[in-house]
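Me: Could you take a close look at one part of this structure for me? I'd like to hear how a pair of packed helices sits together, plus a bit about the surroundings.

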Amino acid sequence: MPAYNESEIISEIVDEWSKTATDCNGILAVINDGSSDDTSDILKDKFDKHCEFIYIEKQNSGHGLTCMEGYRWAISNDFKWIFQTDSDGQTKSKEFLEIWKQKEDHDFIFGYRINRADGLGRKVISKILQMVNLLIFKIYVKDVNVPFRLMKTKSLNPLLDKIKSELYLANAFLTVIIEKYAKINWVEISFSPRKGGVPSVSWNRFFGLGFRISKEFWQIRNQIK
């Protein structure tokens, strides 16, 4: 679970998801992506009092690269399954428990959001990303950057080698790679409004990042060819 400036909600989220992880014989790992608010202090305080999860501190690099670091950490610690979600309270742990029951049938189970309660702008951006991916890679992906993905470590590990370390939207490109070389079982999920915190990318950065992402995806396409 990557976290960036989620001090308003992170305590509640850790309580919810650490219990879910424990119920599944797992562990919640929160990776603090260089938050500038009190997220780090809250995580440390909760760990000192409860020790029901772990947290990892790192310099800010963005959501995608933080997810990549989390996946590699889980692989190095010999976890059989990896589940990634975000720390803003928009996904539901009870829906994870439903896909957990299906884990032996599929190596990759991803959620897809039909009804997003986080505003029209985010819906538009998601559709644009979907179209950019289709244009560049000729692969249709239901929800390119969804923060709700259960993955078998043995199947994920070799695919991570295809992700460039500096790629900004690494988690989105990973979805494309998995859809190309493996198979994703898609499950509809709900997606609530943010319970607190702020998005990691502000509106005034979207156009610049959109250009950067499109450029990176074109370069990757040429390398694949």
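Reply: Quick bit of vocabulary before we dig in: helices here are DSSP runs of H or I with at least four residues, strands are E runs of at least two, and both are numbered from the N terminus. By that count, the chain has eight helices and seven strands. Keep in mind that this is a predicted model.

Let's go to helix 1 and helix 4. Helix 1 covers residues 10-23 and helix 4 covers residues 93-100, and their axes come within 10 Å, crossing at roughly 20°. Angles under 35 degrees count as roughly parallel, so helix 1 and helix 4 are roughly parallel to each other. Their crossing is right-handed. On the helix 1 side, the residues doing the touching are Glu16, Trp17 and Thr20, and they meet Ser93, Phe96 and Leu97 in helix 4. Sorted by class, that contact has three nonpolar residues, two polar ones and one charged one.

Now step back to the loop between strand 1 (2-3) and helix 1, where you'll find Ser7. Ser7 counts as partly exposed because its relative accessibility is 25%. Leaving out residues up to four places away in sequence, Ser7 touches Asp37, Asp38, Thr39 and Ile42. Ser7 is also 9.8 Å from Asp88, C-alpha to C-alpha, although 81 residues separate the two in sequence.

As for the chain as a whole, among contacts between residues at least 6 apart in sequence, 80% join residues at least 24 apart. Buried residues make up 49% of the 225 in the chain. The accessible surface comes to about 11400 Å², with 53% of it belonging to carbon and sulfur atoms.

How values were computed: Residues numbered from 1 in each chain as written. Predicted model: local features only at pLDDT ≥ 70, side-chain atom pairs only at ≥ 80, totals over all residues. Heavy atoms only, no water. Axes fitted to C-alpha atoms, helices over the stretch in contact; angles between N-to-C directions. Parallel < 35°, antiparallel > 145°, perpendicular 65-115°, else oblique. Left-handed = near helix turned anticlockwise from the far one by under 90°. Contact = heavy atoms within 4.5 Å. Nonpolar A, V, L, I, M, F, W, Y, C, P; charged D, E, K, R; others polar. Buried < 20%, exposed > 50% of the residue type's maximum accessible area, 1.4 Å probe, protein only. Areas by Shrake-Rupley, 256 points an atom, 1.4 Å probe, with all protein chains shown as cover.
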